[in-house]
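Student: Please take a close look at one part of this protein, the largest cavity.

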Amino acid sequence: MKTKKKLLHFITLSICLCQTLHMSARTWTLDECIGYAMENNITLQKAGLTRQSDAETTLASKAALLPSLSFSTSQNVAYQPWKANGVATVQNGLVETNATTTSYNGTYSVSANWTVWNGNRNRNTILQNENMEQQAEQDSITYARNIEEQIAQLYIQILYTKEAIEVNKATLEAAKVNEERALQMVDVGSMSKADCSQLTAQRAQDEYNVVQAESNARNYKRQLKALLQLTDDEDFDVVSPQATDDMALQPIPSQQSVYETAIENRPEMRKAQLAVESAEIQQKLAKAQRMPTVSLQAAVGTNTSSLSNNGWGEQMKSNFNAGAGVTISVPIFDQRSAKSAVNKANIMRQEALLDIRDKQTSLYSTIENYWIQATNNQSQYKAAKVSTKAAQDSYDLLSEQFAVGLKNTVELQEGKTRLLSAQQSELQSKYMTILNIKMLEFYKK
């Protein structure tokens with residue numbers, strides 16, 4: 001019996017603990033969502049690896065300015081079992097007789113090579129690789145900015161749907177009250193069943209609206225979790241700011257100031273400018289193909305053989321040799337390779353300049369769209385607040401009159417439809433204003 005009581009006590013505590021953990025599920029602020037994504041998003045991590053790879057390429061090109069140094073050795077065994085008797089030959093300065101059927105020799109050498117000048121291709125290659133490294137960095141920043149914008153859009157959509165759910169729930173409660181009142185009126189014979197069925201249908205539609213809004217909220221949360229790379233089944237929710245009205249009525253940044261700041265700071269614009277610089281470096285590399293290359297070489301070596309009567313150390317010393325030289329390579333005819341490379345580099349530069357103009361136009365259009373949407377929605381929001389209050393007052397009066405039999409179901413439903421439409425318009429304009437102002441702030445970073 002005591003064991004059973006202990007078990008019931010344990011189960012009760014476990015249930016209470018689970019409920020407490022569920023109620024204390026983490027809620028995310030916008031800054032927390034963005035910060036977590038910056039550390040855990042796979043696309044950003046891949047972009048970081050690309051930057052590391054480009055950095056290694058830059059280091060390799062810088063190391064190419066230094067001389068190369070290498071060591072080599074070869075060890076060989078020779079076997080001649082059927083030599084002519086009494087024959088002696090001289091090979092590599094050594095006397096070889098028929099008595100020696102197996103011989104062993106080794107060579108050792110250290111060589112160095114240094115490209116002294118090649119039309120400045122090596123230094124321009126470093127500049128080109130540094131440029132590519134900077135472009136990769138701007139790509140990484142662009143990915144981060146895009147993710148920030150997507151998170152902000154989804155976050156605000158979640159806030160919008162959460163308020164829409166509350167509006168729809170309040171509307172549903174009012175519909176249930178009206179339906180219950182209608183059923184009572186049917187019972188006493190003061191309302192037809194046909195009119196009552198209209199209110200029942202309206203209540204069912206309001207229930208569907210609640211379910212649909214909750215489904216939208218879950219879908220937006222799923223998309224936000226995907227951006228954050230969250231794969232657990234923990235309850236996920238976002239923090240709802242308290243001053244959303246103030247956020248919607250805040251001053252809107254001027255379109256021109258946002259554009260001028262974006263031109264200077266947006267990573268896609270910086271990358272476009274780097275692409276022009278890259279094309280100019282490519283022009284220099286292409287022209288360098290017509291210039292001579294000067295390189296220095298040096299080598300030291302020695303060898304040993306078992307055919308010699310001298311010891312290994314003596315042979316290493318006596319056979320030691322060293323040499324150095326300079327090589328000048330002058331291109332004369334390269335099947336038009338250099339000319340084509342120069343022309344392609346010029347075309348690349350023209351394309352990069354056109355890309356800058358295209359990005360400037362696209363950037364201006366995007367900012368202009370956000371600014372127009374923010375301005376229009378803010379004006380709509382101010383008007384919608386007045387419209388919602390009027391619709392609410394009208395519907396409250398209709399409900400009172402309907403309760404005492406002064407208004408019919410059609411008039412009540414029309415009033416409710418006007419109220420729901422006004423509430424939804426107010427919510428949509430409010431959050432669309434907040435969203436577009438937030439997008440302008442992102443482009444002003």
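Student: Which helix gives the most to the lining of the largest cavity?

Tutor: This is a predicted model, in which local features need pLDDT of at least 70 and side-chain atom pairs count only at pLDDT 80 or more, while totals for chains, interfaces and linings use all residues. Residues are numbered from 1 along each chain as its sequence is written, and side-chain values use heavy atoms, with hydrogens and water left out.

The helix that gives the most is α11, with three residues. A helix here is a DSSP run of H or I with at least four residues, and a strand is a run of E with at least two, numbered from the N terminus. A cavity is a set of points, on a 1 Å grid over the protein atoms alone, where a 1.4 Å probe fits but cannot get out; its lining residues have an atom within 4 Å of a point. Grid points are joined across faces, edges and corners, and a volume is the space filled by probe spheres set on the points.

There are two cavities of 30 Å³ or more, and the largest has a volume of about 50 Å³. Its lining is made up of A175, N178, L199, Q202, Y395, L412, Q413 and K416. At least two lining residues come from each of α4 (121–187), α5 (193–227) and α11 (409–443). By type, the lining has four nonpolar residues, three polar and one charged. Here Ala, Val, Leu, Ile, Met, Phe, Trp, Tyr, Cys and Pro count as nonpolar, Asp, Glu, Lys and Arg as charged, and the others, Gly among them, as polar.

As for the whole protein, its secondary structure comes to eleven helices and eight strands.

Terms used:
On a 1 Å grid over the protein atoms alone, a cavity is a set of points where a 1.4 Å probe fits but cannot get out, and a pocket is an open set with protein on both sides within 12 Å along at least five of seven lines; lining residues have an atom within 4 Å of a point.
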